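Biologist: I am new to this structure, and I would like to learn how to read its features one at a time. Could you show it to me and then take me through it?

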Amino acid sequence: MGKQLAKKITWVIKNFSSLRLEKIYSDQFIVGGCKWRLLVYPKGNNTDYLFLYLEVADYESLSPGWRRQAQYLLNIINQNSVKRSKHNEAQKWFDVDSPRWGRLFMFSLNEINAKDSGLLNGELKIVAEIEVLEVIGNLDVSEEPSTIMETMDFNGFQLLPSQVEFVSNMFERHPEIAFEFRLKNPNLRAGYMSLLLSLIETLRQAPHELSKADLAEACAALKSMSDVGFQLGWLEKKRVEMLERKEKEEACEIRMQEIEEELQDLKCKCSDLEAQLEREKSEVLAAKAPLSFDDVF
């Protein structure tokens, strides 16, 4: 039995309505030590409805007798309304006779391509959740580069695995962040979370790396996030503190320039005074010298 491992995969198909291919495969991805891929028929499979499958990648090359049991959820995302998204959830055994499972989705191709459907907006978005329950045969342990974006759900926000720890700590310290966050659309939620993380990354820079224009944009971004229900008073304090540091930095740089100019003037004056002092010393030495009587004797 292989190691159980669940993942959420997002596959975005650009220019879906203009595709002329009979079928399209996603990049391969690894779940539970096994290689998988998604398969979609953009023009239907002898029908006017969309077909979507989960398939074992490279199944022709696997050793005889291989079998894999997986529980999966395939989602076609309506980008205007989460309630109108459609999904297919199942638990199946995959083997040489059944290397792929899926279903005829209850979206007609005409509905998918309709301008007001919310299913395209220039691209088709598919989200798959996969958990490998059992593996008979060897695992595919080698990870391969992929353009598939793996995300995880955290408090209703889709995050990259590398972001989860940071966001978890942020919510632990500021649990009120999203109490009043009103948006339900998963793409908009992801977009605002990305904006929040980008804003934090911006404010973590050193003051000299930011301009006042950057801080003005940060102020506008904070306002837009507050308008949709984010509670970010703590981050606004950081922005104000950064602005104060920026202003202090600029004021100190101006004063430093003034002091340097004054110091340069003083150095010039000192140099003149030192030259004048040397001349005075020479005259004093001349005045102290005894009179010469060479012209008398």
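**Reading strands, bridges and pockets**

Modeller: Let us begin with a strand in this predicted model: from β4, the residues Cys34, Trp36, Leu38 and Val40 point one way, while Lys35, Arg37, Leu39 and Tyr41 point the other way, and all of them are buried.

Biologist: Is β4 as a whole enclosed or open, and why?

Modeller: Burial is judged residue by residue, and here a residue is called buried when its relative accessible area is under 20%. Eight of the eight residues of β4 are buried, so the strand is largely enclosed by the rest of the structure.

Biologist: Which strands pair with β4, and in what sense?

Modeller: Pairing is read from the bridges between two strands, and β4, which covers residues 34–41, pairs with β5 in the antiparallel sense over six bridges. Strand β2, residues 24–25, also pairs with β4 in the antiparallel sense, over two bridges, and strand β3, residues 29–31, does so over three bridges.

Biologist: Which residues are bridge partners in these pairs?

Modeller: Taking β5 first, Leu39 has Tyr53 as its bridge partner there, and Arg37 has Glu55. On the β2 side, the partner of Ile24 in β4 is Val40, whereas for β3 the partner of Ile30 in β4 is Lys35.

Biologist: What should I look for in the hairpin of β3 and β4?

Modeller: Look at the link between the strands, which has two residues in this hairpin, and at the backbone angles there, since Gly32 takes a positive phi near 60°.

Biologist: How many residues of β5 are buried?

Modeller: Strand β5 spans residues 49–56 and is mostly covered, with seven of its eight residues buried.

Biologist: How should I read a residue such as Asn75, and is it buried or exposed?

Modeller: Start from where the residue sits, which for Asn75 is strand β6, residues 67–76, and then turn to its accessibility: at 12%, Asn75 counts as buried. Distance along the chain and distance in space can be read side by side as well, and Asn75 and Glu89, which are 14 residues apart in sequence, lie 8.7 Å apart in space, C-alpha to C-alpha.

Biologist: What is the general idea behind a salt bridge, and how many are counted here?

Modeller: Side chains of opposite charge can pair when their charged atoms come close. With a cut-off of 4 Å between a side-chain nitrogen of Lys or Arg and a carboxyl oxygen of Asp or Glu, the count comes to twelve salt bridges.

Biologist: Which salt bridges could I look at within helix α5?

Modeller: One of them joins the side chains of Glu241 and Arg245, at 3.3 Å from N to O. Because Glu241 and Arg245 are four residues apart in helix α5, about one helical turn separates them, and Glu241, at 33% relative accessibility, counts as partly exposed.

Modeller: Another is formed by Arg255 with Glu258, whose closest N and O atoms are 3.2 Å apart; both residues lie in helix α5, three residues apart, which is about one turn of the helix. Arg255 is partly exposed with a relative accessible area of 41%, and Glu258 is partly exposed with 37%.

Modeller: Glu278 likewise forms a salt bridge with Lys281, the closest N and O atoms being 3.8 Å apart, and these two also lie in helix α5, three residues apart, about one turn of the helix. Glu278 counts as partly exposed at 46% relative accessibility, and Lys281 is partly exposed at 43%.

Modeller: Salt bridges can also share partners, and in this way Arg37, Glu55 and Arg100 are joined into one network.

Biologist: What is the volume of the second largest pocket, and which residues lie nearest its centre?

Modeller: The second largest pocket has a volume of about 460 Å³. Its lining is made of 16 residues, of which Ile200, Arg204, Trp234, Leu235 and Lys238 lie nearest the centre. Two or more lining residues come from each of α2 (161–173), α3 (186–203) and α5, and α5 gives the most, with six residues.

Biologist: Which residues make a nonpolar patch on the surface?

Modeller: Leu291, Phe293, Val296 and Phe297 make a nonpolar surface patch of about 550 Å². Val296 lies in the segment after α5, the helix of residues 233–288, and at 54% relative accessibility Val296 counts as exposed.

Technical notes
Residues are numbered from 1 along each chain as its sequence is written. This is a predicted model: local features need pLDDT of at least 70, side-chain atom pairs count only at pLDDT 80 or more; totals for chains, interfaces and linings use all residues. Side-chain values use heavy atoms; hydrogens and water are left out. Patches are made of residues with over 30% relative accessible area and no salt bridge: like charges are joined within 9 Å, nonpolar side chains (Val, Leu, Ile, Met, Phe, Trp, Tyr) within 5 Å. Accessible areas come from the Shrake-Rupley method with a 1.4 Å probe; for residues, only the protein chains shown count as cover. Buried means under 20% relative accessible area, exposed over 50%, partly exposed in between (1.4 Å probe, protein chains only). Two strands pair if DSSP finds at least two bridges between them. On a 1 Å grid over the protein atoms alone, a cavity is a set of points where a 1.4 Å probe fits but cannot get out, and a pocket is an open set with protein on both sides within 12 Å along at least five of seven lines; lining residues have an atom within 4 Å of a point. Grid points are joined across faces, edges and corners, and a volume is the space filled by probe spheres set on the points.
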